[in-house]
Structure formats: C-alpha cells, structure tokens
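This briefing is a short tour of one protein model. Look at the sequence and the structure first, then work through the points below.

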Amino acid sequence: MKRLLSFWLILVLLGVSGAAWAEPLRDGDLKISAPSAVLMEKETGELLYEKGAHKRRPPASVTKVMTLLLIVEDIESGKIALEDVVTASARAASFGGSCVYLEEGERMSVDEMLKCIAVVSANDCAVAMAEHLCGSEEVFVERMNRRAAELGMADTHFTNCTGLFEDPEHYTTAYDIALMSRELVRHELAKHYTTIWMDTIRGGAFGLSNTNKLVYWYNGCTGLKTGYTSQAMYCLAATAERDGVEYIAVIMHGDSIESRNADAKALLNYAFANFTLAPLPADAELPEASVEYGALPSLPLTLGEEGRFLLVGKGGEGCAFSYSLPERVSAPVKAGEEIGTLIVTRGGEEIARRPLAAAQSVERIGFWGILGRLAGSLVGL
C-alpha cells in the first residue's frame, strides 16, 4: 500500500511550459527517415523518442562504443594507463576496413590506440586493444557481453569487438546502443577522444579525420560513433551537450551518411528546443521513508546524481511535485536502493518522474534490538 505525499511549489525560474506527455514520441511525431531511432537524455535516462527502438539489427562499427567503454573503464580503474605500450599482433595487423594499417610488431601507446578507435574507427587498433586487455578478442567479447547485460541491454549480443563482419549473432538495438552510449559519455576521458576533429599519429606522419562529421558542424557535439556495412547500412550514435544538458540520438540502418546525420540532427534539435533539466528548489525538502526493523526508524531520500529531472518546455510557469512512497520499507536497505518516486505535474498533467533512492544504508536489527525497542516504547523512551 502506498501513500501519496504532495506539496505545491511555484518555480518561477524553472522554465516549464508547452504540451506535456508521459510517453516518448514515436514514428510520425517527428520526420525520421531511418527505420530505427532513439532519443535519450543522458542524466535521467529518459526516452524522448523511439522508432523501431527494440528491433535487433547489426550495428557495424557502433559496436566500438562498447569496446571504447571497456578500455576507458580499465584506464580509470588503474588496470592500464594511457602511457602503456601495445604491440600489434599479426591478427590485429591483418584487419582491413577502417584502420590505420598497423604492422605486426608495431608498438603504439594506449593513448594513440584509443584515439584511432574513437576518431577513425580503426578496426586494427580495436583488436590490438582487445588482445592487450584480455589476451584474445574472444575473451574480450565475453567481457563485452557481460557488460551489456549489466547495462540492461536485453537485445544485444556481440561476437566481435569491431562490427566489421556480417554475423547474424552480432546484433543490438537502437535502445541498447543508447544505453551503452549513455554509459560511455559519463566518462569525460572518452569525450576527450570522441570530440577530436583532426589529429595525427606516428609523430605526425599519419593523419586522422573524424568519421563523425557532426563533431565539426553540430553545436555542442560530444561524439560519439559512426558505423557502416552493406547489411547494417548507415548507423550513428550521436551525442551533444549544451548548457549542462546532454542528449543521445541513435540512428540505425539509415539510407546514407546525409540522411543518417539529418535524422540525428533533427532529434537533437528537437531535444534542445523542447526540454530542460531542472533541480528541485533550494528550499524543497525530500521526504523520509519509514524503516521497519532498521537500526534507524527512518532514512533520508535523494534524487541521486545532480538531483535534476527533465521537464517539457522552456517557459516560465510553475509546476507541482508529489511523492509516491511505500508505507514502510523493511531493513536492511542499501544506499542507492530505489524507494519511491518523485512525480512532477503541470496543469494536472504529468511531465516528469524520477526515482527516489535511499541516501544511506540502514542495517537490520536483530531480535534483542527489536525487543529493546519494544520495551522502550512501552515505558515511553
């Protein structure tokens, strides 16, 4: 059983106006030519547009979003360093398609390898890094699939780290690409590479030019990854950030580079024109949740991350907040565990909702603790 705790706050500076909807826009609401497309806001993960979002398709080199994610995570965990040297195997050097023509035995730093993968989608460098991290591409691919499962990518299966080969068992969806792209752009290190327009390797002897032309001409573009094969057609995970708000647009099976880029631009333009992230006002207090059999009788709740939520429109009207919470939660409770929901409405219409999480952990008390608390209540302590 749940109780609804409500209070009303007028937020003059939040900027809320225009029509609101609880469901993401779908095919026909925007003119998107690709058969599969998704628009997602990074911080909240809210889905703003979907078209064929869960249709399994080959992702081509957009596969490398996961490859890049695992490399960046290993760097940030200290498993490897940007200065580490990677030696290209004969197998890595044999890869064609987009590549930097590694030679067997050629040595290149992780920094340069990462740059080549992010900027020119270098297949040879992707395989070299997979082998460097896990000993073989096959073991690295197992890691890719485990990480995909952790991110909730229910319709994804990888068989290689490049996306170069046509394989019916290598597939993902626009929605799943958005999930892994969202995770990758959480890392500023990744964006250091995905925003490079032009650069060089081998002491300036070999030039690099980003395959994602949005990096050059779309305001605020932060990446992320292009892809093409004759079966996958033109794919793109595009990310862009303005005024502290970042969106992810995914296009799969586009007809051409031009249509793929136009679709991504249309989605991003729509997002920046129609949505904003807003915080709770400084004087707003989140409720506490009652805890049963806990070391504490109640626990504070948090919106997590920066505590912001996505709102429709950019006007100057007010909005109302309500909280949906269980009557009580049973200990133990872990910090970060989802407890309830913050619901934002305007004019009686729901325009946003965010999960409320436990701000701290609460251990469960044992029999003697319960007995002591009961005794205390009987004597008025």
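**Strand β14 and its partner**

From β14, the side chains of R308, L310 and V312 point one way, while F309 and L311 point the other way, and all of them are buried. In general, side chains in a regular strand alternate between the two faces of the sheet. The model is predicted.

- Strand β14 covers residues 308-312, and 5 of its 5 residues are buried, so the strand counts as mostly covered, given that buried means under 20% relative accessible area.
- Strand β11, residues 275-279, pairs with β14 in the antiparallel sense over 5 bridges.
- Within this pair, A278 stands opposite F309 of β14.

**The five-stranded sheet**

- An open sheet of 5 strands runs in the order β3-β2-β10-β9-β8, and its pairing is antiparallel.
- At the edges are β3 (47-51) and β8 (221-229), each of which pairs on one side only.
- Neighbouring strands of this sheet are turned by 5° against each other on average, with direction ignored.
- Strands of a sheet pair through backbone hydrogen bonds, in either a parallel or an antiparallel sense.
- Strand β9 (residues 233-242) and strand β10 (residues 245-254) form an antiparallel pair with 8 bridges.
- One position in this pairing places L236 opposite I251 in β10.
- Helix α9, residues 257-274, packs on the sheet and touches β2 (36-41), β3, β8, β9 and β10.
- The direction of helix α9 makes about 30° with that of β9.

**Backbone points in the loops**

- Which residues does a cis peptide bond join? The bond lies between A331 and P332, and its omega is about 5°.
- P332 belongs to the loop between β16 (329-330) and β17 (338-346).
- S121 has a phi near 60°, which is a positive value in a residue other than glycine.
- The place of S121 is the loop between α3 (110-120) and α4 (123-134).
- R202 is not a glycine either, yet its phi is positive, at about 55°.
- The loop that holds R202 lies between β6 (198-201) and β7 (206-209).

**Exposure of the two positive-phi residues**

- Is S121 buried or exposed? S121 has a relative accessible area of 2%, so it is buried.
- R202 has a relative accessible area of 29%, so it is partly exposed.

Key:
Residues numbered from 1 in each chain as written. Predicted model: local features only at pLDDT ≥ 70, side-chain atom pairs only at ≥ 80, totals over all residues. Heavy atoms only, no water. Pairing = 2+ DSSP bridges. Helix = DSSP H or I, 4+ residues; strand = E, 2+ residues; numbered from the N terminus. Axes fitted to C-alpha atoms, helices over the stretch in contact; angles between N-to-C directions. Contact = heavy atoms within 4.5 Å. Buried < 20%, exposed > 50% of the residue type's maximum accessible area, 1.4 Å probe, protein only.
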